[in-house]
Amino acid sequence: MNPEGEKLIQMAETFKTLGHTSRLSILMVLTKHRQMCVSNLQILLQIEQSALSHNLIKMREVGLLKVRREGQKSYYSLADKNLIVDLISLLNR
């Protein structure tokens, strides 16, 4: 497959990942906060820990999020804040 086709597949996977309200909520929270640990995200969003972890992994796999580990805590942040801000502004139209 040519590079353009691979890019389209990657974009489709990203949009598919964003097609879930919990994942959009995670993005909205992380645009307001530089980074958050999983336990604080869970409290703020009131999502089951297993569901939150699943969503965070999916979002990390497509390159929306990055993770930093400190001891036993994992801190998530946006991989590319400009891209996410552009996506959110597009969704708010």
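Over the face of which residue does R68 lie, and at what distance from the ring centre? I looked this up before anything else. R68 lies over the face of Y75, 4.6 Å from the ring centre. I note here that the model is a predicted one.

**Entry: R68 and its partners**

I stayed with R68 and checked its charged contacts. The side chain of R68 also meets that of E70 in a salt bridge, with 2.5 Å from N to O. I then searched the whole structure for such pairs and found one salt bridge. I looked up exposure for both partners. R68 has a relative accessibility of 33%, so I put it down as partly exposed. E70 comes out at 46% relative accessible area and is therefore partly exposed. I wrote down two contacts for R68: the face of Y75 and the side chain of E70.

**Entry: aromatic pairs**

How many aromatic pairs does the structure hold? I counted zero.

**Entry: helix crossings**

I turned to the helices next. Two packed helices are described by the angle between their axes and the distance between the axes. I took down both values for two pairs.

For the pair α2 and α3, I noted that α2 covers residues 21-32. The axes of α2 and α3 come within 11 Å and cross at roughly 115 degrees. Angles of 65 to 115 degrees count as roughly perpendicular, and α2 and α3 are therefore entered as roughly perpendicular to each other. The crossing of α2 past α3 is right-handed.

For the pair α3 and α4, the residue ranges are 38-45 for α3 and 49-61 for α4. Their axes come within 10 Å, and the crossing angle is roughly 115 degrees. I therefore entered α3 and α4 as roughly perpendicular to each other. I recorded a right-handed crossing for α3 past α4.

**Entry: the loop between α3 and α4**

Where is Q46 placed? I found Q46 in the loop between α3 and α4. Its backbone caught my attention: Q46 is not a glycine, yet its phi is positive, at about 55 degrees. Most residues other than glycine have a negative phi. I checked the exposure of Q46 as well. With a relative accessible area of 73%, Q46 is exposed; the cut-off for that class is over 50%.

I went on to Q49, which is found in helix α4. Q49 has 41% relative accessibility, so I listed it as partly exposed. I then took its C-alpha distance to V38. Q49 and V38 are 11 residues apart in sequence, and their C-alpha atoms are 8.2 Å apart in space.

**Entry: H33**

Is H33 in a helix or in a loop? H33 is in the loop between α2 and β1, where β1 is 36-37. Its relative accessibility is 37%, so I entered H33 as partly exposed. I took the C-alpha distance from H33 to S22, 11 residues apart in sequence, and got 17 Å.

**Entry: K16**

My last look-up was K16, which is found in helix α1, residues 3-17. Is K16 buried or exposed? K16 has a relative accessible area of 61%, so I entered it as exposed. I also computed its C-alpha separation from E4. K16 and E4 are 12 residues apart along the chain, and 18 Å separates their C-alpha atoms.

Note on methods. Residues are numbered from 1 along each chain as its sequence is written. This is a predicted model: local features need pLDDT of at least 70, side-chain atom pairs count only at pLDDT 80 or more; totals for chains, interfaces and linings use all residues. Side-chain values use heavy atoms; hydrogens and water are left out. Rings of Phe, Tyr and Trp (its six-membered ring) pair if their centres lie within 6.5 Å; planes under 30 degrees apart count as stacked, over 60 as edge-to-face and the rest as tilted. A charge sits over a ring if NZ of Lys or CZ of Arg is within 6 Å of the ring centre and within 35 degrees of the ring normal. A salt bridge is a side-chain nitrogen of Lys or Arg within 4 Å of a carboxyl oxygen of Asp or Glu. Buried means under 20% relative accessible area, exposed over 50%, partly exposed in between (1.4 Å probe, protein chains only). Axes are lines fitted to C-alpha atoms, for helices over the stretch in contact, and angles run from 0 to 180 degrees between N-to-C directions. Helices (H or I, at least four residues) and strands (E, at least two) are DSSP runs, numbered from the N terminus. Angles under 35 degrees count as roughly parallel, over 145 as roughly antiparallel, 65 to 115 as roughly perpendicular and the rest as oblique. A crossing is left-handed if the near helix is turned anticlockwise from the far one by less than a right angle, and right-handed if clockwise.
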